[in-house]
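Subject: Structure handover and findings

Dear colleague,

Please find the structure below. My notes on what was found in it follow.

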Amino acid sequence: MSAARYLTICVTVATAMVTAAAAADRLAAPSFWDPNLHIERPDLSALRAIRFLTDDDYPPLDFALADGSLVGFNVEIARAICEELHIGCTIQARRWDTLLDSLETGKGDAVIASLSISAATRARIDFTQPYYKTPARFVVRKDSLLGDATPATLVGKTVGVVAGSAHQSFLATFFPAAIGKPYPNFAALHEALRKGEVDAVFADGLTLAVWLSGQDSGDCCAFKGGPYTESHYFGEGVGIAVRKEDVDLRRAMDWALARLAAKGTYAEIYAKYFPIGFE
């Protein structure tokens, strides 16, 4: 990530954090925990602290400030879990490509770094229940005349997608009458929409939400329709990773996540970092 791009994203996150209180009043945070399902409090007698591992280059999920301190959605969720469990908590940043190896070799107890739950990752590690998902969303310009984003309303409309992405495949399958226009990356996709070169874009909702709430978008655009969460295309969600043998730790974190949702803490953290919700 370039220094300029990193600075832009950090400014975006800082702006979002300032307006978080107002956003919380109007934002409906997603929930992945059934409020009617009673989860037994786990036995925490053998649990003294959780050593979390994360990345530090993925704002607003996890990143380092100028003084080296770690912040972000994932980081605050980790700290909230430890507070709910009334145990110690450390959070250490490591390179993304070393996280799973570090977990497996005992250099940490859990990874909270936006790891997607998949058959490939499950073969190595275990996960808590998802604490967020990355659905696909349509975005249009605010001056668009589209009343909705459906297979009928998008007939003959040009929709930008990232070339080779799951979103391109999904659009071709379920919106066959729309004209998919591929772009090499998210930056080019966003710029095409901002300039009005396409009628809509279809991409990762989280990335779009960060862009929409930031200065780069110029307040040009808004979500339309969706979200689309088909796991075959967009995955099963993101969970906290633990070693397969650490069943009690996984259960403890699942219990804490459900409690954070029930108490509204999860919603507060979500609104802080995603003033424009993506789910």
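Where in the chain is proline 60 found? Proline 60 sits in the loop between β2 (57–58) and β3 (62–64). Please keep in mind throughout that this is a predicted model.

**Backbone**

The bond that joins proline 59 and proline 60 is a cis peptide bond, with omega about 0°. Another cis peptide bond runs from glycine 226 to proline 227, and its omega is near 5°. Proline 227 belongs to strand β12 (residues 221–228). Two residues other than glycine deserve a look for their phi. Histidine 86 is not a glycine, yet its phi is positive, at about 60°. Histidine 86 lies in the loop between α3 and β5 (88–93) and counts as exposed, with 68% relative accessibility. Aspartate 219, not a glycine either, has a positive phi of about 55°. The loop between α8 (205–212) and β12 holds aspartate 219, which is exposed at 53% relative accessibility. As background, most residues other than glycine have a negative phi, and most peptide bonds are trans.

**Salt bridges**

There are 17 salt bridges in the structure. In one of them arginine 259 pairs with glutamate 84, with 3.1 Å between the closest N and O atoms. Arginine 259 is in helix α10 (residues 247–263) and glutamate 84 in helix α3 (residues 73–85), so this pair ties together parts that lie 175 residues apart in sequence. The burial of the two partners is as follows: glutamate 84 is buried, at 7% relative accessibility, whereas arginine 259 is partly exposed, with a relative accessible area of 38%.

Glutamate 84 also meets lysine 263 in a salt bridge, at 2.8 Å from N to O. This pair, too, links distant parts of the chain, as lysine 263 is in helix α10 and glutamate 84 in helix α3, 179 residues apart. Lysine 263 is partly exposed, at 49% relative accessibility.

Within helix α10, the side chains of arginine 250 and aspartate 254 form a salt bridge of 3.8 Å, N to O. These two residues are four apart in the helix, so about one helical turn separates them. Both ends of the bridge are covered: aspartate 254 is buried at 11% relative accessibility, and arginine 250 is buried with a relative accessible area of 19%.

A network of salt bridges links Arg51, Asp109, Arg243, Glu245 and Asp246. Of its members, arginine 243 is placed in the loop between β13 (241–242) and α10. Arginine 243 counts as buried, with 13% relative accessibility. Leaving out residues up to four places away in sequence, arginine 243 touches Leu103, Glu104, Gly106, Gly108, Asp109 and Asp126.

**Nonpolar cores**

The largest nonpolar core is made up of 59 residues, and Phe52 and Phe73 have the most contacts inside it. A second core lies apart from it and has 16 residues, including Leu146, Val159, Val161 and Phe202. Phenylalanine 73 touches Pro60, Leu61, Tyr131, Tyr132, Tyr266, Ile269, Tyr270, Tyr273 and Phe274, if residues up to four places away in sequence are not counted. Pro60, in this list, is the residue that follows the cis bond from proline 59.

Phenylalanine 278 is in the segment after α11 (265–273). Its relative accessible area is 0%, and phenylalanine 278 is therefore buried, the limit being under 20%. Beyond its neighbours within four places in sequence, phenylalanine 278 contacts residues including Tyr132, Arg137, Leu206, Phe223, Pro227 and Tyr270. The C-alpha atoms of phenylalanine 278 and arginine 137 are 7.8 Å apart, while 141 residues separate the two along the chain.

**Pocket**

The second largest pocket contains about 350 Å³ of space. It is lined by 15 residues, of which Trp33, Asp34, Leu37, Ile39 and Ala258 are the closest to its centre. The lining comprises nine nonpolar, three polar and three charged residues.

**One more residue**

Threonine 121 is in helix α5 (residues 119–122) and is buried, at 15% relative accessibility. Residues up to four places away aside, threonine 121 touches Ser116 and Phe127.

Regards

Technical notes. Residues numbered from 1 in each chain as written. Predicted model: local features only at pLDDT ≥ 70, side-chain atom pairs only at ≥ 80, totals over all residues. Heavy atoms only, no water. 1 Å grid on protein atoms, 1.4 Å probe; cavity = no way out; pocket = protein on both sides within 12 Å on 5 of 7 lines; lining within 4 Å. Points joined across faces, edges and corners; volume = space filled by probe spheres on them. Nonpolar A, V, L, I, M, F, W, Y, C, P; charged D, E, K, R; others polar. Core = buried A, V, L, I, M, F, W, Y, C linked by side-chain atoms within 4.5 Å. Buried < 20%, exposed > 50% of the residue type's maximum accessible area, 1.4 Å probe, protein only. Contact = heavy atoms within 4.5 Å. Salt bridge = Lys/Arg side-chain N within 4 Å of Asp/Glu carboxyl O.
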